[in-house]
Amino acid sequence: MGGLSRASLMLPAFLACLGPLVGAQVLPLGNCPLWGPLNYTVLLEHPTNCSRFFSCSNGRPIEQHCPAGLHFNDILKVCDWPQNVNCVPRCLPQQNGVGGSWTPSSCSAGLNNLGAVCRLQCNTNYQLRGSSSVQCTEKGWNSTNGNFTPICQPLNCTGENLHNDLNKTLSAKAGLLFVLDESGSVGQRNFERTKDFELPLKPRNKQREIHLFVGVFVMTIEPVSPHARLSSLLLSENRSAGVITFESTAQTKIHLNTSSTSTFLNLTSSITYGGGGTDILRGLQEAIAEINRHSQHNLTVVVLITDGVSQTDGKPAADEIKRNGNPLFAIGIDSQNNLVHLEELASMGDNGIKNFFHITSYEALENIGKYLNATAGSGGSNNSTQCSSLSRASLILPALLACLGPLVGARGLPAGSCPPWGPLNYTVLLADLTNCSRFFSCSNGRPIEQYCPAGLYFNDILKVCDWPQNVNCVPRCFPLQNDVGGSWTPSSCSAGLNNQGASCKLQCNTKYQLLGSSSVQCTSKGWNSTNGNFIPQCQPDVCIGVHIEDGLNKTLSGKAGLLFVLDESGSVSPANFQITKDFVKDVVRTFPLSENRSAGVITFDSTAQLKIHLNIDSSSTFLNEVDKIGYRGGGTDILAALRAAVTEINNYRKHNLTVVVLITDGVSVTDGTPAADEIKRNGNPLFAIGIDKGTNLVHLEKLASTGDNGIKHFFHIRTYEALEDIGKYLN
């Protein structure tokens, strides 16, 4: 039935601001017996997900997963091919709470069929977090905000989420650009609410100082303690701010190079109200121009505040802002907002939730500002845990055919063995030797992996989840596994548990290629490498081809360019350069060019040369041009090559993105990281293919972008003959 999978994510009950965890409790179709038979395990069907099921342990259902691509067959009680299983997924009932309720009532009354649409209506003094409506799909409830289920939250929680999300994006050198709606629907009083609110900087007396709503994020007050919540948002040489206002037209009122908090606040006080139509596109286009005029920052956070439906679609400008690596926050005020339009404009946070906030009134906006300001002056708030946003569960990597090889150390190691049958009055629990927050429950002699709630460790003496300070636990790393493709050195890496700090290196056998880093280190969070917590593997040539094809297929959707950057240095040789060109042709034959996909080629040694412009959208023309490329020989300068790629991408901006494929067999005389970072920062994936074991793996790994599966687009290929075989597989 495949390996054990994680149980559903368990969130601590004290996260009050999340409201009800909509559909968090999943119950099987049927009841588990109080005790199970000793010769088999009782299995029950999952009500909403065809690929999941429940196993029963002492009257308790434990959620399990079928291997990728299979459904649970409730008649045979096995995981089976979908065509053999008559299963139609449904969606869990939504849950009403103190903050709001779902309509129609059938949404919360029971399971929902595919296609059902449900709308969340928030009560007075509660604000909507997420879309107002969701639809039941094959993958569960979905909305314009992804699979995040909307909730109704108190004002302080909306302010908490807004602050936390801004604080995450305003790290290092960053700009903060406010784009404020001053159209006729706003009105003078509400425009003042947008920029002005009362802020007592001292104990209350006859004097009052008027500051700005936007000033909440750039406050001049001296924090009472080092932990004051907004102290990190003060302006400095590394953080500046600006303001744009818009109605039918847009104007920059404060330039983005303002790095003095007091100057910024004074300038904002002088901004006057205009009135007129609502043209969000012009507002965001002006934001792009202002960002380009003052590009001294790594990124600029754009905060759009509007209460009206725009007469134009701001999406093209919003996409450009986000494509250039700048987060975009959209704050919509009043229930008449075009929510879908504003959601589409907003960028996605690192928690997988859109940076979109719907606020029911300007009074609520004013109160949120007061809440933020109060927490800044009081040295902190205890709401940070209460108002934490829902985060997506860890991505589950599909088992791509047999090419994943053995899931090295995927299973935990229980401290002991499960008895052939368990007592009827309690469940046998065993500690996990590699993870302090995991444990195992025994069911008919079989250990089933379980998780403590976030922040707790398993206490093996009391057999409960407990605070870490009460548990004497030092996590170790599981033994790495040798297989037919390669082996780990030193031998202690595979002989038993590894202590923190241990380093292990994977050596691949002939005809096997390395996927991932060549070495890993044992840390408190498990094995880690320059490629994250993905454990490297030795795989056949065809499997590397599978991964390259899968990565390109995911990134080359929609309008996209494909730019090859080829090493033609002296270490390559004319014959191997021909293999490289043939590989390029094989890729283009696999992903044919069209009006929505073009390709280009840059070659490099000590210098870089553009051989085929990125605007070629005919496969036959491109293939012919590749044949004409000659070989030069020389040094290896990856930085020059990637800088040439940046220039070529900027010259042809007709695509949503350009996928850069770097192929090299040598150690560069320069560090290509600055140019690679610029390519990735602008939303362009970068694939790095290193040939021969002499390649500087760490350097190439750093250049590569990360795929949606959390694994770097980096591939180490031992020989040019292997590259040739991979090209044949693709073709």
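At 26% relative accessibility, cysteine 473 counts as partly exposed in this predicted model, because burial requires a value under 20%. Its partner in a disulfide is cysteine 436, the two sulfur atoms being 2.0 Å apart, and cysteine 436, at 5% relative accessibility, counts as buried. The torsion about the S-S bond of cysteine 436 and cysteine 473 is about -90 degrees, so this disulfide is left-handed. The pair links distant parts of the chain, with cysteine 436 in the loop between β20 (429-431) and β21 (438-443) and cysteine 473 in the loop between β24 (464-466) and β25, 37 residues apart.

The loop between β24 and β25 also holds cysteine 477, which forms a disulfide with cysteine 522 at a sulfur separation of 2.2 Å. Here the torsion about the S-S bond is about 95 degrees, so the disulfide of cysteine 477 and cysteine 522 is right-handed. Cysteine 522 belongs to strand β28, and the pair again connects distant parts of the chain, 45 residues apart; both cysteine 477 and cysteine 522 are buried. In total, the count comes to nine disulfides. Another of them joins cysteine 91 to cysteine 136, with an S to S distance of 2.2 Å, and its torsion of about 95 degrees about the S-S bond makes this disulfide right-handed. Cysteine 91 lies in the loop between β5 (78-80) and β6 (100-103) and cysteine 136 in strand β9 (residues 133-137), so the pair ties together parts that are 45 residues apart in sequence. Cysteine 91 and cysteine 136 are both buried.

Strand β28, the site of cysteine 522, is part of an open sheet of four strands in the order β25-β26-β28-β29, with antiparallel pairing. Strands β25 (486-489) and β29 (526-528) stand at the edges of this sheet with a single partner strand each, so one side of each is left without a neighbour in the sheet. Neighbouring strands are turned by 30 degrees against each other on average, direction ignored. Strand β28 (residues 519-523) is joined to β29 by three bridges, the two running antiparallel, and threonine 523 has glycine 526 in β29 as its bridge partner.

A further strand, β15 (residues 239-246), is mostly covered, with eight of its eight residues buried. Arg239, Ala241, Val243 and Thr245 point one way from β15, while Ser240, Gly242, Ile244 and Phe246 point the other way. In a regular strand the side chains alternate between the two faces of the sheet. Strand β12 (residues 174-181) pairs with β15 in the parallel sense over eight bridges, and within this pairing leucine 177 stands opposite glycine 242. Strand β16 (residues 250-258), by contrast, pairs with β15 in the antiparallel sense over five bridges, and alanine 241 has threonine 258 of β16 as its bridge partner. Strands β15 and β16 form a hairpin, with three residues between them.

Among the helices, α11 (residues 574-590) has 17 residues and reaches 25 Å from its first C-alpha to its last, close to the 24 Å expected at 1.5 Å a residue. The buried residues of α11 include Phe577, Ile579, Phe583, Val584, Val587 and Val588, and also the charged-type positions Lys581, Lys585 and Asp586.

Isoleucine 717, placed in strand β36 (residues 714-717), counts as buried at 0% relative accessibility. Its C-alpha atom is separated by 6.2 Å from that of aspartate 692, 25 residues apart along the chain. Leaving aside neighbours within four places in sequence, isoleucine 717 is in contact with residues including Gln513, Ile544, Ile691, Asp692, Leu723 and Ile726.

Notes
Residues numbered from 1 in each chain as written. Predicted model: local features only at pLDDT ≥ 70, side-chain atom pairs only at ≥ 80, totals over all residues. Heavy atoms only, no water. Buried < 20%, exposed > 50% of the residue type's maximum accessible area, 1.4 Å probe, protein only. Pairing = 2+ DSSP bridges. Expected span 1.5 Å × (residues − 1). Axes fitted to C-alpha atoms, helices over the stretch in contact; angles between N-to-C directions. Contact = heavy atoms within 4.5 Å. Disulfide = S-S within 2.5 Å.
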